[in-house]
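Student: I would like to understand how the descriptive terms used for a protein model are earned, term by term. Could we go through the reasoning together?

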Amino acid sequence: MAKNIILHLREYLGAHIQKIAPNTQAIDDKDHRHKYDLLAQASVPAVLVAFYKFTRTPEGAAGIASYNNNISPLDFALGDLQQTAMQRVAQYAGVGTGQAKNVMEAVADETLRFLRNELGSTLKPETVQQYFSSQRHDILSHLPEDLQMGYLLQDSTIDDRANKMEGPMSGLAHTIESIFSASGADKNKDKPKT
């Protein structure tokens, strides 16, 4: 079973990151006493959802599998959307854009390092897609709605409240969704490039 990247990044940053309540789309404020916790709460799932979305294409997954440090991982995953994402994270946490950028870059760097260690000799585009597919539900259940990352990444399923629901039926639905998400990514690899 793949290690949970949210748990790893929470430990790496030394911050409190929690799941978002599906009904209120909020976190329990008493658990976030520091702006750093809010910054981590926004940065970690925002960066991870960008990587998830990036890996849905064969080119994106191949790029991550063969990443060679020519460009910052945050530029790699978000491209032209980076500045907007940083502003949203900064606003959510009540910090400056520079501080948000620093934490988001640290998260992106550590994500790629962790992914390489986790996948090891099996690191290839297909395993990158499978890994992020297996982590999708957990990433989305930590993603604050206020960031509107689904709107930014042009994927309405990202901000859907159903992604944050827990329980036996929701768990089954998320498992089925992960299977189809992984197989859908596999189908794209055989399509000719236009």
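**Reasoning from values to terms**

Tutor: Let us begin at the start of α1 in this predicted model, where a side-chain oxygen of Asn4 lies 2.8 Å from the backbone nitrogen of Ile6.

Student: What makes Asn4 a cap of the N-terminal end of α1?

Tutor: A polar contact requires a pair of N or O atoms within 3.5 Å; the pair here, a side-chain oxygen of Asn4 and the backbone nitrogen of Ile6, is 2.8 Å apart, and Asn4 is therefore described as capping that end of α1. After the helix comes Gly14, whose phi is positive, near 65°.

Student: Which residues of α1 are buried, and how do you know that they line one face of the helix?

Tutor: Within α1, which spans residues 5-13, the buried residues are Ile5, Ile6, His8, Leu9 and Leu13. Viewed down the axis of α1, these residues fall within an arc of 160°, so they line one face of the helix. The general background is that an α-helix has 3.6 residues a turn, so residues three or four places apart point the same way.

Student: Against which helices does that buried set of α1 pack?

Tutor: The buried residues of α1 pack against α2 (35-54), α6 (97-119) and α7 (125-141). For α3, the buried residues are Gly60, Ala61, Gly63, Ile64 and Ala65, and they pack against α2, α4, α6 and α7.

Student: What makes a group of residues a nonpolar core, and how many residues has the largest one here?

Tutor: Its members must be buried, belong to a set of residue types such as Ala, Leu and Phe, and be joined through side-chain atoms within 4.5 Å. The largest such core has 52 residues, and Phe132 and Met149 have the most contacts inside it. Helices α1 to α8 each supply at least two of its residues, with the largest share, 12 residues, coming from α2.

Student: Which residues does Met149 touch, leaving aside those up to four places away in sequence?

Tutor: Met149 touches Ala46, Val49, Leu78, Arg88, Leu143, Ile158 and Asp159.

Student: Why is the protein chain described by helices alone, in terms of helices and strands?

Tutor: The count is nine helices and zero strands, and the elements accordingly read α-α-α-α-α-α-α-α-α from the N terminus on. Among contacts between residues at least 6 apart in sequence, 68% join residues at least 24 apart, while buried residues make up 46% of the 194 residues in the chain.

Key:
Residues numbered from 1 in each chain as written. Predicted model: local features only at pLDDT ≥ 70, side-chain atom pairs only at ≥ 80, totals over all residues. Heavy atoms only, no water. Helix = DSSP H or I, 4+ residues; strand = E, 2+ residues; numbered from the N terminus. Buried < 20%, exposed > 50% of the residue type's maximum accessible area, 1.4 Å probe, protein only. Contact = heavy atoms within 4.5 Å. Arc of directions from axis to C-beta. Polar contact = N/O pair within 3.5 Å; in protein donor to acceptor, adjacent residues only side chain to side chain.
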